[in-house]
Amino acid sequence: MSSLEQTARTPRLRVPYITAYDEEIVAHPLTFVWSPEATDGLKLSYVDAVPQDSMLGALWSRQGLHRRGRPEWKLVNSIRQRNAMLRLLCQVCGESAVGPDGRVSWVLADDPDDTSTSKGYTNAPPTCAACIPEALVACPRLRRGAAVYTVGSAEPYGVLGDFWRPTRHGPVETQRNAVVPLDAFWRLEYTLAKQLLVVLDDLRPMPLDR
Ligand SMILES: [Zn+2]
């Protein structure tokens, strides 16, 4: 059987827009720099920092956007995730997830282990109406239980990131995947942001044919 026939018989799942690729992930050395605006005068930075490294008061994980290499199915590309949240793009196809009525379609895991939604924020970007069936089939967490909503608005709430401390030997990571609200300025200045968290407002259940 040729590979084309095989592809036709067993369609492979698309790589979602927000999924990271292994060649996009490159380590960049971190440092702490003096900053007059910082709460205690210090903030986390890159050795060769540029203005685009920072947004919403946090330093962001640097990642390529070229999509070369193998998909890292369990990892999210921080820049595409942030972009999807701020521009309300579908996490699967990368197109707008805003419907004709101006509301945004959003799939949320109905998972007892996932407490983020019940706390009022989420790290999952929206999913456009066309991609919802594929998202529900493709994701094991969503297969176990998911709720689909339309949302009136989504406001940045905080970041999911790694917390670093300055030491005489350089920055040392002391906490991984911490939730840091955008108004927790001191913690934000010590965090390497990896995902943007948003608060969803005006959720309405969206009926689905399953
Ligand atoms: Zn889509």
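## Strands, core and loops of a predicted model

In this predicted model, β5 and β11 pair in the parallel sense over two bridges. One point of that pairing can be named by its residues, for Trp-60 has Ala-193 in β11 as its bridge partner. The chain as a whole contains five helices and 11 strands, and β11, which spans residues 191–205, takes part in further pairings besides the one with β5.

One of these pairings is with β9, where 13 bridges join the two strands in an antiparallel arrangement, and where Leu-160 stands opposite Gln-195 in β11. Another is with strand β8, residues 121–122, which runs antiparallel to β11 and is joined to it by two bridges; here Tyr-121 has Val-199 in β11 as its bridge partner. Strand β9, for its part, also pairs with β7 in the antiparallel sense, over six bridges. The table sets these pairings side by side.

| Strands | Sense | Bridges | Bridge partners or residues opposite |
|---|---|---|---|
| β5 and β11 | parallel | two bridges | Trp-60 and Ala-193 |
| β8 and β11 | antiparallel | two bridges | Tyr-121 and Val-199 |
| β9 and β11 | antiparallel | 13 bridges | Leu-160 and Gln-195 |
| β7 and β9 | antiparallel | six bridges | Val-107 and Val-148 |

### The core and strand β7

The largest nonpolar core holds 43 residues, and those that touch the most other members are Cys-90, Val-107, Ala-154, Val-159, Leu-197 and Val-198. At least two residues of this core come from each of β5 (58–60), α2 (78–87), β7 (104–109), α3 (132–138), β9 (146–165) and β11 (191–205), and among these β9 gives the most, with seven residues.

Strand β7 is mostly covered, since six of its six residues are buried. In a regular strand the side chains alternate between the two faces of the sheet. In β7 both faces are covered, with Val-104, Trp-106 and Leu-108 buried on one side and Ser-105, Val-107 and Ala-109 buried on the other. Val-107, whose bridge partner in β9 is Val-148, is also in contact, once its neighbours within four places in sequence are left aside, with Thr-127, Ile-132, Ala-135, Leu-142, Ala-146 and Val-148.

Across the chain, buried residues make up 32% of the 210 residues. Among contacts between residues at least 6 apart in sequence, 71% join residues at least 24 apart.

### Helix α2 and the loop after it

The buried residues of α2 are Ser-78, Arg-80, Gln-81, Arg-82, Ala-84 and Met-85, and what covers them includes β5, β6, β9 and β11. The helix is followed by Leu-88, whose phi is positive, near 55°.

Gln-91 is found in the loop between α2 and β7, and it counts as buried because 24 other C-beta atoms lie within 10 Å. Apart from its neighbours within four places in sequence, Gln-91 is in contact with Pro-16, Tyr-17, Ile-18, Ala-84, Ala-124, Pro-125, Pro-126 and Thr-127. The C-alpha atoms of Gln-91 and Gln-81, which are 10 residues apart in sequence, are 7.5 Å apart in space.

### Exposed and partly exposed residues

Lys-74 lies in strand β6 and counts as exposed because it has 7 C-beta neighbours inside 10 Å. Its C-alpha atom is separated by 8.1 Å from that of Ala-20, although the two residues are 54 residues apart along the chain.

Most residues other than glycine have a negative phi. Leu-56, however, has a positive phi near 55°; it is placed in the loop between β4 (54–55) and β5, and it is partly exposed, with 14 other C-beta atoms within 10 Å. Arg-67 likewise has a positive phi, of about 60°, although it is not a glycine. Arg-67 lies in the loop between β5 and β6 (71–76) and counts as partly exposed, with 15 C-beta neighbours inside 10 Å.

### Confidence along the chain

The chain averages a pLDDT of 88, and 87% of the residues score at least 70. Among the elements of the chain, α2 has the highest mean pLDDT (98), whereas helix α1 (residues 3–9) has the lowest (42). Over residues 1–11 the pLDDT is below 50, and this stretch has two contacts in the model beyond near neighbours in sequence.

Definitions and conventions
Residues are numbered from 1 along each chain as its sequence is written. This is a predicted model: local features need pLDDT of at least 70, side-chain atom pairs count only at pLDDT 80 or more; totals for chains, interfaces and linings use all residues. A nonpolar core is a set of buried Ala, Val, Leu, Ile, Met, Phe, Trp, Tyr and Cys residues joined through C-beta atoms within 7 Å. A residue is buried if 20 or more other C-beta atoms lie within 10 Å of its own, exposed if 12 or fewer, and partly exposed in between; C-beta atoms are placed from the backbone. Helices (H or I, at least four residues) and strands (E, at least two) are DSSP runs, numbered from the N terminus. Two residues are in contact if their C-beta atoms, placed from the backbone, lie within 7 Å. Two strands pair if DSSP finds at least two bridges between them. pLDDT is the predictor's confidence in each residue, from 0 to 100.
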